[in-house]
Amino acid sequence: MRKWIGATAAVSALALVTACSSEGASDGPSDGDGGGNGETVTLEFAQWWEPELPEGVLRGLMDDFEEANPGIEVELLSGPYASTREQVVAGAASGTMSDVVGLDGAWVSDFVDQGSIADLTALMSDAGYDDGELASQVQLGGSTYMIPVVNFAYMLFTNDGLLAEAGVDAAPSTRSEFEAAAIAVSESDENTSGWILPLSLETPNGIQNDVMSWAWASGGSMLTDDGAPDVNNADVQSAVDFVVGLDEAGAVAPGAATLKEQDKVEEFSSGRVGMMISSLAHINTLRESSPDLDFSLHAVPAEDGYSGERGTPYASWGIGVAENSENKEEAWKLVEFLMSADANGELANAANAFPGNSTAVPEFVTQDEIFQSAFDVWNEGYPANEFVGLPVAEQLMRDMAEELQRVLNGDISVEDALTATQTKWESQF
Amino acid sequence: MTATKTSLSAPTQLEVPTRAHVIRARKRKKIALIAALTVGALFPALPVVWMLSSSFKPNGLIFEYPPRLITEGFSFDAYVAILTDPEKLRFFFNSYFIAGSVTVLTLFVAVLAAYAFSRYDFKGKRIINVVVISVQAVPPITLLIPYFGLVVVLGLYNTYPGLILTYMVFTLPYAIIMMTGYFNTLPRELDEAVKVDGGSPWTALWRVLVPISVPGMVSVGVYTFMIAWNEYLFALTLTRTNDMRTVPIGIQLLMGQHAYDWNQMMAMSVLGCIPVLILFLFFQRYFIGGMTAGAVKA
Amino acid sequence: MTHPPETTEARAAAPLATAPASAGSGDGGTDNGADKTRGGWRGRRSYRGTVAPYGFLTPTFVLLLVLMVTPITMVIGYSFVDRVIINPNSEFVGFENYAQVLGDPVFFKAVSNTAIFAGASVIAHFVLGMGFALMLNSPMIGNRLKAVYRAIYILPWLFTVAIVAVLWRMLLSPNGIVNFFVTELGFAEEQIAWLSDPSLALPAITFINIWAGYPFFMVSLLAGLQGISSELYEAARLDRAGPVKQFFNVTLPQLKPIIISMALLDFIWTTQQFALIWMTTGGGPIDATEMVSTYTYKLAFSTYDFAVASASAVIIFLLSMTLAFFYVRHQKSRD
């Protein structure tokens, strides 16, 4: 019996040893791959896109890819968007990262630091790929790590019914027009607000889409020319002042501090908010949930008198390849396929997003008036999202959101908040 | 509310208690109790009623103001969508299979450990006790990465045993502590009697202690089941493909990047809770009526 | 898993148990002293000092050792190095990460929020759980009716935390049903932003946690109530003790061991509550609902500072260990 206990102890110890060696194993091959010796190669493609798209679209594209590339099979691994990042980090740490991964621009810098995603510039040159058709690439230190597959532009949505009731006949194009319209809508009915500002700390992307967009729309920037933080400059200050002014005028929907992007859309869709800055992905959500809603899309208003190009904020479904993938060559083929004009156009079409291939023109743009006007706005301005590629981008947004919440709570001034944000950001860079 | 009032305003003259009075007083008490239970039930039930109501609404009307319990467009579409989707049904199967296995195995392992803690003194008992309690105090989120590595190395990644063993680790400490407590309330004479008849501690445990501890085991089992049923973070991280995943992940998959599928989310949690509720209704008879342990207690 | 060896183990333990001579060899030691303080049936020597208890504990040992102690050890290791996981070449930095955590005022804010959140939750869980359990245990109502009520009262327990969070966000939103009643019934002029007002957010999420967690206490106490001998109540009634006195003199003392165990466990679990807080307030507004769990999460997955996150986790672990230590000591002296 004691022997038996001894044996158990030995087994446990052994388990401990194997466990501790897990770190050593992390640079080993990811399992589940077929291995590259002429047999069928199975690529794992981890993303959150499949549940976002109409059923079967992504799988259909993968079938097309498999047909065009005999010997390569693609396994789609889909997860919820909110947890994708943790999964990629954990997967990279234990060597089980999928060969091809969906990425958000805000994550890229951290994954590059971790050494978990591969240098795509090298893969492109190995494959002899001409990147002329790529609308954009996310680069760090001169190498590409992520390619935006499709882009979701953020624009001003106006509930034209509510605006008309409040006596506003034209969509605002400048900040002062916007402020006047927002106040008018708020005053027209006690249950409506002019604008909605999601500042949740869980997903602080409201800072990017709903706050910084005001600065970008007027040509402002939150970074210095060499990419260091410069968040307390005059452009950003005036944008934040404007946002805070809207709140003080009672034109912002209550509960900002816990609202998320999804809540913003629910409020707009329920007809309680006159205007919001939101993703084109929401056009279909709104049409489905509120078929009677009369809304239109416009560029984000600029400072009065500004006549330059307007930056349009966007979020991307980006793609990257795992550094520890054994099948980088095949993985690149999948990336290349998704970026080809046909496949990219089809994906963009299904996602209601703008294609990452600059030659692709998705059908919905030519067939739908609202999308047509959005596409025009997109083409007139320039894509602006300064958070893409920054280190710990999400934490930067969260830092700023927290300071902005203090301002809205009446604790500190805008100037102090931006100075505090600047200090926090400097320590993160 | 009104029931409470009537019971309070009932006549309270001082009289010699007769049989009729006793019966009347008992009836009054009963009405008061039922009233209190009904009012109290609003606390757990109202949010659930709202969940149920939302599951029948079209997504566009879930956030309407002023809110209504039943709106136009009332439909079972959300339920149909879930019940006809094989992937989602698989989530339900996985959840039941995993939670069920965890419950049975945790109870088995915990009963053995609790028996040792309750009936023996041995070296290191105290330290083991502290360890068993405090290992649960490490925030699971920080364990995620090393734990994930461990599971991959042990070859348990994306398998049922991976999740089952993980949940056993979560639930064991509580189960051991509670079962030790229940065993401690059972007199040692029971074991002695078995020994006199020539039985071993093993028979004493399974033939005597376990049968009369069933109510305790049911309550520990319910808890264990719930933990395994509701866990999200590890269920997601330790699995790779949707055919291994559980209901909480299925629900989370409906919370999209841009919009939530409200009615389906609500319908899925309603569907998820019904079988558990039935199971509970079945087992709850063990909470009723005197249990042997109380009777034999000194 | 390990069933067959377990069986032989336990069977073999019996003859050994009756032979105290074989017991001395290494298992006696420190516990002998404590033993003498124990009264009652547990003081009997017959089962003492055999290896049988280790046999019974083996499955638990193996599981906890491999799947819990190992990762915890790794986390402790991480807490002493720099830029772990993200950077392959991490260096030993001693207690630097601990200094960083302990030098951060937000950490202390998080600890105090967690203490309030967990303390209030545990007390309310106990009060509600006890009250409901007593009502549901009453012999006055029929079993069928009781079954229905029991089913209703455990409802909050049946939902995964993501749904609890989403549901309550919906109920408590400025345009939600709670505000509808609050304004319609005239308790407030304006809609209240329960979760977004820094002074209301902590009470609001504590309330949600109370709602979600009391059934655990209720079910355990309900089970505990079955174990109280009816003779004790009869004796109390003979002493002319009313229901209140019976509760304080019989019910409460009888349930005390269960209550203390559950309060401790509930406290430890509540301090770890992450998803509920994260999905309702994200630790905000500002830092009004920042908890040690959200604080640690942000370090790990938002700034990718796993080393500092590990240090924070170890500090939390040590705090809870102290709590567990006192608990075990208390149990000892009670015996």
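A crossing of two helices is left-handed if the near helix is turned anticlockwise from the far one by less than a right angle, and right-handed if clockwise. This is a predicted model: local features need pLDDT of at least 70, side-chain atom pairs count only at pLDDT 80 or more, and totals for chains, interfaces and linings use all residues. Residues are numbered from 1 along each chain as its sequence is written, while chains are lettered from A and ligands numbered from 1 in the order in which they are written.

**Exercise 1. Two helices across an interface**

Task: Describe how H4(B) and H4(C) pack, and state which hand their crossing has.

Solution.

Step 1. Find the helices. Helices (H or I, at least four residues) and strands (E, at least two) are DSSP runs, numbered from the N terminus. H4 of chain B covers residues 86–119. H4 of chain C covers residues 52–78.

Step 2. Choose the descriptors. Two packed helices are described by the angle between their axes and the distance between the axes. Axes are lines fitted to C-alpha atoms, for helices over the stretch in contact, and angles run from 0 to 180 degrees between N-to-C directions.

Step 3. Read the values. The angle between H4(B) and H4(C) is about 145°, and their axes are 8 Å apart. The crossing is left-handed.

Step 4. List the residues that meet. Two residues are in contact if their C-beta atoms, placed from the backbone, lie within 7 Å. H4(B) brings Val109(B), Leu112(B), Ala113(B), Tyr115(B) and Ala116(B). H4(C) brings Pro53(C), Phe56(C), Leu57(C), Pro59(C) and Thr60(C).

Step 5. Sort them by class. Ala, Val, Leu, Ile, Met, Phe, Trp, Tyr, Cys and Pro count as nonpolar, Asp, Glu, Lys and Arg as charged, and the others, Gly among them, as polar. This helix pair has nine nonpolar residues, one polar and no charged.

**Exercise 2. Chain C and its partners**

Task: Which helix gives the most to the side of chain C that touches chain B?

Solution.

Step 1. Take the whole contact. Chain C supplies 95 residues and chain B supplies 91.

Step 2. Pick the main contributor. H4(C) gives the most to this side of chain C, with 16 residues. By class, the side holds 67 nonpolar, 20 polar and eight charged residues.

Step 3. Turn to the inside of chain C. The domain assignment, which is automatic or taken from a database, gives domain 1 (3–78) and domain 2 (98–334). Four residues of domain 1 touch six residues of domain 2. H4(C) again gives the most to the domain 1 side, here with three residues. That side has four nonpolar residues, no polar and no charged.

Step 4. Add the overall fold. Chain C has 15 helices and zero strands.

**Exercise 3. Covered helices of chain A**

Task: How many residues of H4(A) are buried, and what do they pack against?

Solution.

Step 1. Apply the cut-offs. A residue is buried if 20 or more other C-beta atoms lie within 10 Å of its own, exposed if 12 or fewer, and partly exposed in between; C-beta atoms are placed from the backbone.

Step 2. Count for H4(A), residues 81–93. Eleven of its 13 residues are buried, so this helix is largely enclosed by the rest of the structure. Among them are Tyr81(A), Glu86(A) and Val88(A).

Step 3. Name the neighbours. The buried residues of H4(A) pack against strand E3 (100–103) and H5 of chain A, helix H6 (140–153) and helix H11 (233–237) of chain B, and helix H14 (292–302) of chain C. Just after H4(A), Gly95(A) has a positive phi of about 75°.

Step 4. Repeat for H11(A), residues 261–269. Nine of its nine residues are buried. They pack against strand E5 (143–159), strand E7 (273–279) and helix H12 (282–289) of chain A. Gly271(A) follows H11(A), with a positive phi near 75°.

**Exercise 4. One residue**

Task: Is Val244(A) buried, partly exposed or exposed?

Solution.

Step 1. Locate Val244(A). This residue lies in helix H10 (residues 234–248) of chain A.

Step 2. Use the count. Val244(A) is partly exposed, because 17 other C-beta atoms lie within 10 Å.

Step 3. List its contacts. Beyond neighbours within four places in sequence, Val244(A) is in contact with Val407(A), Leu408(A) and Val414(A).
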